[in-house]
Amino acid sequence: MGAAAGGLVVENLSVSYGQVAAVRGISFSVPDGGSLGIIGANGAGKSSTLKALFGLVDSRADTMAFQGVSLRSLPPHRIVTLGIAYVPEGRRIFPGLTVRKNLLMGAYRQPWRRLDGRMERVYELFPGLKRFDRTPAGALSGGQQQMLAIGRALMSSPRLLVLDEPSMGLAPVLIDDIAGVLRRLREQGVSMLLVEQNAKLTFGLTDRCVVLENGRVVEEGSSAALRDDPGVRRIYLGM
Ligand SMILES: Nc1ncnc2c1ncn2[C@@H]1O[C@H](COP(=O)(O)OP(=O)(O)OP(=O)(O)O)[C@@H](O)[C@H]1O
Ligand SMILES: [Mg+2]
């Protein structure tokens, strides 16, 4: 990796759980202002890849760096202060805390004077959340909880937003809402690493994609080209 390489650069990443190899030497990058999708079926290694970035699982890699800074030995909160925010699989909001407090948890170690503005920006992106400001997050619907999880990640004003299957378990109309928000964030210059089983959604939101099978990259290219690839269409778009 050259010293000038910006964005996220991952080279030869592997993750194992004891004898189980979940990720087997994959490489990918997300340039500054760019976006990458990682598509794969159940168990392909998508979540393990993201957890490795944040040091949540043991991993090996030749390079794992953001803006030229190695992520290898940084604790998760330092990675957030570098400008990467993570929306984990299954949302992981705090059900007993109000929506407002959940959002504030995403602003951990951020300057207090900026928080009101950031919260307004989140409520502007997700107008449906604002009236639940003082409501325990556990009372929200699945779609609202996903929006809260994304909003919480945005409270750190990330340069790179990392999302693990934001469409999981949501009705198509809610997936469309979330896609709209992610598109707006892209237009505002936020970089995105989007992990999904929903290939159609991912092709529509990203510049480039990699396809993971059994922990290996089996296809990669521009999202537009992959969407038209007959093999990818058959397996991942069901056409
Ligand atoms: N904590 C764990 N202990 C043991 N094996 C695990 C663990 N977590 C994941 N695995 C295994 O690692 C492989 C990759 O799992 P991973 O969760 O990364 O896949 P995924 O692509 O995110 O799947 P999904 O679409 O179901 O979320 C699978 O074979 C899974 O069973
Ligand atoms: Mg997963």
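Helices here are DSSP runs of at least four residues and strands are runs of at least two, numbered from the N terminus. Keep in mind that you're working with a predicted model.

**Exercise 1. Work out which elements build the shell around ligand 1, and what kinds of residue they bring.**

Step 1: Look for elements that supply at least two residues of the shell; strand S2 (20–30) and helix H1 (46–53) each do.

Step 2: Pick the bigger giver. H1 has the largest share, with three residues.

Step 3: Now zoom in. The shell holds 13 residues, and Tyr-17, Ala-22, Lys-46, Ser-47 and Ser-48 come nearest to ligand 1.

Step 4: Sort the shell by type, and you get four nonpolar, seven polar and two charged residues.

**Exercise 2. Describe how S2 pairs with S1.**

Step 1: Get the direction. Strand S1 (residues 8–17) runs antiparallel to S2, and the two pair over eight bridges.

Step 2: Find a bridge to anchor your view: Ser-14 has Arg-24 in S2 as its partner.

Step 3: Check the turn. S1 and S2 make a hairpin with two residues between them, and Gly-18 in that turn has a positive phi of about 60°.

**Exercise 3. Lay out the six-stranded sheet and place H1 on it.**

Step 1: Write down the order, S7-S8-S9-S3-S10-S11; this is an open sheet with mixed pairing.

Step 2: Mark the edges. Strand S7 (84–87) and strand S11 (216–222) each pair on one side only.

Step 3: Add the twist, which averages 15° from one strand to the next.

Step 4: Pull out one pair. Strand S3 (residues 35–40) and strand S9 (residues 191–196) are parallel, with five bridges, and Leu-36 sits opposite Leu-193 in S9.

Step 5: Drop in the helix. H1 lies across S3, S7, strand S8 (160–164), S9 and strand S10 (208–213), at about 145° to S8.

**Exercise 4. Find the residues with the most contacts to other members of the largest nonpolar core, then follow Leu-160 outwards.**

Step 1: Start from the general picture: in soluble globular proteins, nonpolar side chains tend to be buried together.

Step 2: Here the largest core has 65 residues, and those touching the most other members are Ile-84, Ala-85, Leu-148, Ala-153, Leu-160, Val-162 and Leu-193.

Step 3: Ask who gives the largest share of this core: helix H6 (residues 142–154), with six residues.

Step 4: Trace Leu-160. Skipping residues up to four places away in sequence, Leu-160 touches Leu-8, Val-30, Phe-66, Gly-83, Ile-84, Ser-191 and Leu-193.

How values were computed. Residues are numbered from 1 along each chain as its sequence is written. Chains are lettered from A and ligands numbered from 1 in the order in which they are written. This is a predicted model: local features need pLDDT of at least 70, side-chain atom pairs count only at pLDDT 80 or more; totals for chains, interfaces and linings use all residues. A residue is near a molecule or strand if its C-beta atom, placed from the backbone, lies within 6 Å of it. Ala, Val, Leu, Ile, Met, Phe, Trp, Tyr, Cys and Pro count as nonpolar, Asp, Glu, Lys and Arg as charged, and the others, Gly among them, as polar. Two strands pair if DSSP finds at least two bridges between them. Axes are lines fitted to C-alpha atoms, for helices over the stretch in contact, and angles run from 0 to 180 degrees between N-to-C directions. Two residues are in contact if their C-beta atoms, placed from the backbone, lie within 7 Å. A nonpolar core is a set of buried Ala, Val, Leu, Ile, Met, Phe, Trp, Tyr and Cys residues joined through C-beta atoms within 7 Å. A residue is buried if 20 or more other C-beta atoms lie within 10 Å of its own, exposed if 12 or fewer, and partly exposed in between; C-beta atoms are placed from the backbone.
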